[in-house]
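Subject: Structure handover

Hello,

Here is the structure we talked about. Please open it first, then read my notes below.

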Amino acid sequence: SSGINAEYGVPPCLPHELRNNVITVCDLHIIDIVEILRPAIVVAVGGFTFQQVGKLFCSQEVGPAVYPLLHPSPTNPVSGKRWTNIVNEQLVFAGVPQLIAGSEFIVSAVKESKKKKKSKE
């Protein structure tokens with residue numbers, strides 16, 4: 001097959017044995033990173049990654065929450081049209097801006113939202 005996925009060599013398009021080897025190496029690497037960094041959340045880019053990372057941590061009592069993020073793939077028609085808006089919404093839902101900015105983010109976001117609403121009226 002000569003589709004775009006084969007060109008990029010993404011796991012779903014690899015031969016079965018190679019695919020399993022790649023996934024195993026990636027899984028072990030992700031587990032190591034999470035053990036070292038101990039993040040509160042993991043944002044997985046793309047549905048395939050979200051499924052894989054979710055499997056790694058869903059059965060653990062303590063571990064990061066795993067959230068999906070729309071992949072900016074050229075084969076995904078939604079990615080090109082509204083990708084920035086969708087991803088921003090997904091990141092806010094996951095709590096990423098709040099983690100980065102702390103409680104000040106919530107206060108400033110609410111104030112900014114109110115300003116935008118007033119300016120439209």
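Cys 58 is exposed, at 64% relative accessibility. Cys 26 is partly exposed, at 39%. With sulfur atoms within 2.5 Å as the cut-off, the number of disulfides is zero.

Please keep in mind that this is a predicted model. The protein chain has an average pLDDT of 79. A score of at least 70 is reached by 73% of the residues. Residues 1–6 fall below 50. That stretch still has seven contacts in the model beyond near neighbours in sequence.

**Overall layout**

The protein chain holds six helices and two strands. Their order along the sequence is α-α-β-α-β-α-α-α. There are 121 residues in the protein chain, and 21% of them are buried. I also looked at contacts between residues at least 6 apart in sequence. Of these, 43% join residues at least 24 apart.

**Helix α2 and the loop after it**

Helix α2 spans residues 16–37 and includes Asp 27. Asp 27 is buried but has no salt bridge. Which side chain of opposite charge is nearest to Asp 27? It is Lys 55, 7.7 Å away. A salt bridge needs a nitrogen within 4 Å of a carboxyl oxygen, so a distance of 7.7 Å does not qualify. Residues up to four places away in sequence aside, Asp 27 touches Gln 52 and Leu 56.

Arg 38 sits in the loop between α2 and β1. Its phi is positive, near 50 degrees, and Arg 38 is not a glycine. That deserves a look, because most residues other than glycine have a negative phi. Arg 38 is exposed, with a relative accessible area of 66%.

**Helix α3**

Helix α3 covers residues 47–57. Its buried residues are Gln 52, Val 53, Gly 54, Leu 56 and Phe 57. They pack against α2, β1 and β2. Two of these names came up above: Gln 52 and Leu 56 are touched by Asp 27.

**Strand β1**

Ile 41 belongs to strand β1. It counts as buried because its relative accessible area is 16%, and the limit is under 20%. Ile 41 and Pro 64 are 23 residues apart along the chain. Their C-alpha atoms are separated by 4.6 Å. Pro 64 is also one of the contacts of Ile 41 outside its neighbours within four places in sequence. The others are Ala 65, Tyr 67, Ala 94, Val 96 and Leu 99.

**Helix α4**

This helix takes up residues 77–94. Where does helix α4 bend? At Trp 83, by about 85 degrees. Its buried residues are Ser 79, Ile 86, Val 87 and Ala 94. They pack against three elements: β1 (41–45), β2 (65–69) and α5 (96–101). Ala 94 is also in contact with Ile 41. Just after α4 comes Gly 95, with a positive phi of about 90 degrees.

Ser 79 has a relative accessible area of 7%. With neighbours within four places in sequence left out, Ser 79 is in contact with Leu 70, His 71, Pro 72 and Ser 73.

Ser 73 lies in the loop between β2 and α4. It is buried too, at 16% relative accessibility. Ser 73 and Trp 83 are 10 residues apart in sequence. From C-alpha to C-alpha, they are 9.8 Å apart in space.

**Charge pairing**

Side chains of opposite charge can pair when their charged atoms come close. How many salt bridges are counted here? The answer is one. It joins the side chains of Glu 89 and Arg 82, at 3.9 Å from N to O. That distance is within the 4 Å limit, so the pair counts. Arg 82 is partly exposed, at 43% relative accessibility.

**Where to look**

If you have little time, start with the bend in α4 at Trp 83. Then turn to Asp 27, buried and without a salt bridge. Finish with Arg 38 and its positive phi.

Best wishes

Conventions:
Residues numbered from 1 in each chain as written. Predicted model: local features only at pLDDT ≥ 70, side-chain atom pairs only at ≥ 80, totals over all residues. Heavy atoms only, no water. Bend = angle between axes of the 7 residues up to and from the residue. Helix = DSSP H or I, 4+ residues; strand = E, 2+ residues; numbered from the N terminus. Buried < 20%, exposed > 50% of the residue type's maximum accessible area, 1.4 Å probe, protein only. Contact = heavy atoms within 4.5 Å. Lys, Arg positive; Asp, Glu negative; His and termini not counted. pLDDT = per-residue confidence, 0-100.
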